[in-house]
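Reader: I should like to examine how the structural labels in this entry are justified. Please set each value against its criterion.

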Amino acid sequence: MKELAKVASQVQASATLKVDALFKQMKADGINVVGFGAGEPDFNTPDNINEAAIQAIKSGQTKYTPSNGIPALRQAVADWLKSRCNISYSPNEIVVASGAKHSIYIALKTLLNPGDEVIIPAPYWVTYTESVKMAGGVPVVVSAPESADFKITAQQLEAAVTPKTKLFIINNPSNPTGMLYSEQELRELAAVCVKHDLYIISDEIYCELVYNGKKFTSMAALEEDIKERTIIVNGVSKSYAMTGWRIGYTASNAEIAEVMSNYLSHSTSSPSTISQIAAAEALSGPQDEVYAMRDVFQERRNYIVGRVNAIEGLSCRNPDGAFYIMINIEKMIGKTLGGMVIQNSDDFSLALLESARVAVVSCTGFGCDNFLRLTYADSIENIKEGIDRLEKFVKG
């Protein structure tokens, strides 16, 4: 048989979904395992959102919708962006897709020609580099050290630009680091993009999960010329505990939005009608539960950061947002843990799973070795049990 497509064959499986699948299989097999892998809130979707979906089904709202999403949802997104981020978009500049991950892919297919370079700060979400390659682009990774809170500078961005550079991707707050770029830091990065006529994809899926009263600033809210070249990516998965509903969206200029809509019309078409109606309720309905969930995440963050930093040989930064921490395991390299000589974070995560029955994500897939990513999107009871096991594992 003839060979498969080279681009598709070179795509690597998502490290986070791979770990989550293994964790769920172990649980199904009756193994007592604690999972810190997938970034999925443990809360139930709020009742008002569920009820909107139920009523949609009962009233027969189960037909095809426009490929870019139902008007009510696109209007709800535009209204939310205006009230939350102080950015004005019309509904025809909003494009709805099957999750924020899908939105990123469609945006990349809209922007990139073969060989176009895309600058991606590391540590990065595992999907960015693979999606760029799937869209025919070339990922250019710029690493940010822990000492800089895992944030790159405008000088680093400038140094990475070449005549082939087309796009800069930023995730704020970040997965996997949880760190937040300030307004001034964003302005400095955006100035480089304007100078070199680069597009910007600003993944803001965690923008509602920011702690200690820190201020979130949307990239597109800075200046009109920055907004014109920016595609905001967001969705309802994280803030509204709606991961399985699969609704993401983009906000961009009308030309980009039209091309994205056309692309969707010949690929997946629109997401589930019922999910869209539920998402419209999420964005336009009461927000109390969003803030209540955020407060719980902050309490969990405080606990897990304190516990990890109290374990000899491990350390972590205190993240500003999202629901992840990055554990530095450099002092564990060369040690024997769980019967295995630890040479990198892949070894550590495998030994931890096999010996202590704790599932974490090695950050090699995030462009950053010698770190682990843990999520605190789980109950405090499971977090306590998991950290207890981690501490016992490290102490031997």
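**Labels and their grounds**

Author: A suitable starting point is N44, which is found in the loop between β1 (34-35) and α3 (47-58). The model is a predicted one.

Reader: What makes N44 count as exposed or buried?

Author: The relative accessibility of N44 is 66%. Exposed requires over 50%, so N44 counts as exposed. As for its spatial surroundings, N44 and Y240 are 196 residues apart in sequence, and their C-alpha atoms are 8.7 Å apart in space.

Reader: How do you know whether strand β15 is enclosed or open?

Author: Five of the five residues of β15 (residues 371-375) are buried, so the strand is largely enclosed by the rest of the structure. F371, R373 and T375 point one way, L372 and L374 the other way, and all are buried. In a regular strand, side chains alternate between the two faces of the sheet.

Reader: On what grounds is β15 said to pair with β10 and with β14?

Author: Pairing requires at least two bridges. Strand β10 (residues 324-328) is joined to β15 by five bridges, and the two run antiparallel; here M326 has R373 as its bridge partner. Strand β14 (residues 361-362) pairs with β15 over two bridges, also in the antiparallel sense, and S362 stands opposite L372. Both cases therefore satisfy the criterion of at least two bridges.

Reader: Which strands form the open sheet, and why are some described as standing at the edges?

Author: Seven strands form the open sheet, in the order β2-β8-β7-β6-β5-β3-β4, with mixed pairing. Strands β2 (94-97) and β4 (138-143) each have a single partner strand, so one side of each is left without a neighbour in the sheet. From one strand to the next, the twist averages 20 degrees. At the β2 edge, four bridges join β2 to strand β8 (residues 248-251) in an antiparallel arrangement, with V95 opposite T250.

Reader: What makes helix α6 a helix that packs on this sheet?

Author: Helix α6 (residues 126-134) touches β3 (117-122), β4, β5 (165-171) and β6 (199-203). The direction of α6 makes about 155 degrees with that of β4.

Reader: How do you know whether β3 is enclosed or open, and in which sense it pairs with β4?

Author: Six of the six residues of β3 are buried, so β3 is largely enclosed by the rest of the structure. E117, I119 and P121 point one way from β3, whereas V118, I120 and A122 point the other way. The pairing of β3 with β4 is parallel, over six bridges, and I120 stands opposite V141 in β4.

Reader: Why is the pair of W125 and Y128 called edge-to-face?

Author: A search of the whole structure finds eight aromatic pairs. In the pair of W125 and Y128, the centres are 5.4 Å apart and the planes stand at 85 degrees. Ring centres must lie within 6.5 Å, and planes over 60 degrees apart count as edge-to-face, so the label applies to W125 and Y128. Both residues fall under the 20% limit for buried: W125 has a relative accessible area of 14% and Y128 one of 2%.

Reader: Why does the pair of F348 and F393 receive its label, and where do its members lie?

Author: The ring centres of F348 and F393 are 5.4 Å apart and their planes are at 85 degrees, so this pair is edge-to-face. The pair links distant parts of the chain: F348 lies in helix α13 (residues 345-356) and F393 in helix α14 (residues 380-395), 45 residues apart. F348 is buried at 0% relative accessible area, and F393 is buried at 6%.

Reader: What makes F348 notable within the largest nonpolar core?

Author: Of the 73 residues in that core, I304 and F348 touch the most other members. Helix α5 (residues 100-111) gives the most to this core, with six residues. Neighbours within four places in sequence aside, the contacts of F348 include I329, M332, L372 and F393. A second, separate core of 35 residues includes C85, I87, V96 and I232.

Reader: Why is K227 said to lie over the face of Y89?

Author: K227 is at 4.5 Å from the ring centre of Y89, and the distance criterion is within 6 Å. K151 likewise lies over the face of Y181, at 5.8 Å from the ring centre.

Methods: Residues numbered from 1 in each chain as written. Predicted model: local features only at pLDDT ≥ 70, side-chain atom pairs only at ≥ 80, totals over all residues. Heavy atoms only, no water. Buried < 20%, exposed > 50% of the residue type's maximum accessible area, 1.4 Å probe, protein only. Axes fitted to C-alpha atoms, helices over the stretch in contact; angles between N-to-C directions. Contact = heavy atoms within 4.5 Å. Phe/Tyr/Trp six-rings, centres within 6.5 Å; stacked < 30°, edge-to-face > 60°. Lys NZ or Arg CZ within 6 Å of the ring centre and 35° of its normal. Core = buried A, V, L, I, M, F, W, Y, C linked by side-chain atoms within 4.5 Å.
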